[in-house]
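This report describes the fold of one protein chain for a reader at the bench. Please keep the sequence and the three-dimensional view at hand while reading.

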Amino acid sequence: MVLYPTYGGSGVVGTELGKALAKEGHEIHFITYSQPVRLGSFRENIFYHEVAVTDYPLFDFQPYETELTSKMVDVVKHEKLDVLHVHYAIPHASAAYLAKQILKAQGIHIPIVTTLHGTDITLVGRDPSFEPVITFCINESDAVTAVSESLKAATYKHFNVKREINVIPNFIIVDESDTLFTEQMRRKYACDGEKIICHISNFRKVKRIEDVVRIFALIAKEIPSKLILIGDGPDRFLAERLSRELNINDKVIFLGKLRDTAHVLSFSDLFLLPSETESFGLAALEAMAVGVPVISSNTGGIPEVNEHGYSGFLSNVGDVEDMARNALHILSDDELEKFKKQAKIKAKEFTLDLILPKYEEIYRKLV
Ligand code: GMT
């Protein structure tokens, strides 16, 4: 598994997939530049290979891709790997292609699976400075998966790709025990009768963080509530500034980056995801899995996850009034419990046991 170790969804998916495969008895080697956030402590069948990034005065930009490629060659060769699965095309797919060629010259065959996650296609990858490399690597991978039908369609639309792309949706591990929730924890953030609204992201422009605050401001005008924001990133200051301007900063709680978000989600009443584009929306699915309904935009792959009128509601990008109206509907005493149950039911369409065999089938075909 080659992935970004940070707080992004592609890293979470790659790590959880690796952990699940290891549990099934497969030997999993993670290759990246720091320990993946969801990897946790010692687990059987799991190995982690850190890519050391050289800091040499000549380099204004460190040649990560070259060092990653060398690490892939080394690990494939010496650990006798069967498949290289790379998550997020840039630069993992091109590094994998080069590693494959180097190994081929040494008589070693290694198939590559590339999983497309989102902005590697919809934002960054489409940029002319990346496009030819992305197109080539998608065409040269031995198998390509996309996390939603919407992302698959976007790939065909924006790149000269003719090959087959398998849609394998992201997944969650449903916790039936309900042990996460404690009234005590909830009380730390909200008084009795207050609703808790949550948002989790990397606070990038695409997440429309100011919409999150504006939706919440409209909700808070009508009902006692708190907004909990998890994560960090370049647009966090916009949320801080806007909540001060709107005079709701005493109701907005910034928790910053958290390794494990399930605890906070378990005492939340509603999740907001008003993104500009979202190939899947794993954060929304993780909220639904613990019974938190979702107010989202209707962009990209989100409609494949959040079902309008069932697990939550969808609105046009930027329509904060509609999102707030829908949020107030869900949060009303008559509706909340129903939506919470439905969100949990909808999330069960994406449980690990349904998704894992789809990846295993791809690996099996390749080896
Ligand atoms: O594309 C990104 O912004 C980063 C990427 C990530 O690593 O978190 O997110 C994408 O992959 C996730 C996992 O498959 C999806 O749930 C997100 O929807 C997707 N983000 C976007 O499309 C904006």
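The sections below treat the domains, the nonpolar cores, selected helices, the salt bridges and two individual residues of a predicted model.

## Domain arrangement

The domain assignment divides the protein chain into domain 1 (9–171 + 351–366) and domain 2 (183–349). Domain 1 is thus given as two segments of the chain. The C-alpha centres of domain 1 and domain 2 are 30 Å apart. To the contact, domain 1 contributes 20 residues and domain 2 contributes 15 residues.

## Nonpolar cores

In soluble globular proteins, nonpolar side chains tend to be buried together. In this model the largest nonpolar core comprises 85 residues, and the members that touch the most other members are Met-72, Phe-271 and Leu-285. Helix 3 supplies the largest share of this core, namely seven residues. At least three residues of the core come from each of domain 1 (9–171 + 351–366) and domain 2 (183–349).

What surrounds Met-72 when neighbours within four places in sequence are left aside? Its contacts are Val-2, Ile-31, Leu-84, Val-86, His-92, Ala-95, Ala-96 and Ala-99. A second core, separate from the largest one, has 28 residues, including Leu-229, Leu-270, Met-323 and Ala-327.

## Helix 11 and its surroundings

Helix 11 spans residues 282–289, and seven of its eight residues are buried, so the helix is largely enclosed by the rest of the structure. The buried residues are Leu-282, Ala-284, Leu-285, Glu-286, Ala-287, Met-288 and Ala-289.

Several elements cover these buried residues, among them helix 1 (9–23), helix 10 (262–266) and helix 13 (336–347). Strand 10 (270–273) and strand 11 (294–297) are also included in this cover. Just after helix 11, Gly-291 adopts a positive phi of about 80 degrees.

## Packing of helix 1 against helix 14

Two packed helices are described by the angle between their axes and the distance between the axes. The axes of helix 1 and helix 14 (residues 352–366) come within 11 Å and cross at roughly 80 degrees. The two helices are therefore roughly perpendicular to each other, since angles of 65 to 115 degrees are classed in this way.

On the side of helix 1, the residues that meet helix 14 are Leu-17, Ala-20 and Leu-21. Their counterparts in helix 14 are Leu-352, Leu-356, Tyr-359, Glu-360 and Tyr-363.

## Salt bridges

Side chains of opposite charge can pair when their charged atoms come close. The whole structure contains 18 salt bridges. One of them joins Asp-211 to Arg-208, with the closest N and O atoms 2.7 Å apart. Asp-211 is buried because its relative accessible area, 8%, is under the 20% limit. Arg-208, at 26% relative accessibility, counts as partly exposed.

A further salt bridge links the side chains of Glu-240 and Arg-236 at 2.8 Å, N to O. Both residues are buried, and both lie in helix 9 (residues 236–245), four residues apart, or about one turn of the helix. An α-helix has 3.6 residues a turn, so residues three or four places apart point the same way. Glu-349 and Lys-346 also meet through their side chains in a salt bridge (3.1 Å, N to O). Glu-349 counts as partly exposed at 45% relative accessibility, whereas Lys-346 is buried at 8%. In addition, salt bridges that share partners connect Glu-16, Lys-19, Arg-38 and Glu-286 in one network.

## Two buried sites: Ser-94 and Asp-235

Is Ser-94 buried or exposed? Ser-94 is buried because its relative accessible area is 14%, and buried residues are those under 20%. Ser-94 belongs to helix 3 (residues 89–105). When residues up to four places away in sequence are not counted, Ser-94 touches Glu-65, Ala-89, Val-133 and Cys-137.

Asp-235 is placed in the loop between strand 8 (225–230) and helix 9. At 14% relative accessibility, Asp-235 counts as buried. Apart from neighbours within four places in sequence, its contacts are Phe-203, Arg-204, Lys-205 and Ile-209. Asp-235 and Lys-205 are 30 residues apart along the chain, and their C-alpha atoms are separated by 6.4 Å.

Conventions. Residues are numbered from 1 along each chain as its sequence is written. This is a predicted model: local features need pLDDT of at least 70, side-chain atom pairs count only at pLDDT 80 or more; totals for chains, interfaces and linings use all residues. Side-chain values use heavy atoms; hydrogens and water are left out. Buried means under 20% relative accessible area, exposed over 50%, partly exposed in between (1.4 Å probe, protein chains only). Contact means heavy atoms within 4.5 Å. A nonpolar core is a set of buried Ala, Val, Leu, Ile, Met, Phe, Trp, Tyr and Cys residues joined through side-chain atoms within 4.5 Å. Domain bounds come from an automatic or database domain assignment. A salt bridge is a side-chain nitrogen of Lys or Arg within 4 Å of a carboxyl oxygen of Asp or Glu. Axes are lines fitted to C-alpha atoms, for helices over the stretch in contact, and angles run from 0 to 180 degrees between N-to-C directions. Angles under 35 degrees count as roughly parallel, over 145 as roughly antiparallel, 65 to 115 as roughly perpendicular and the rest as oblique.
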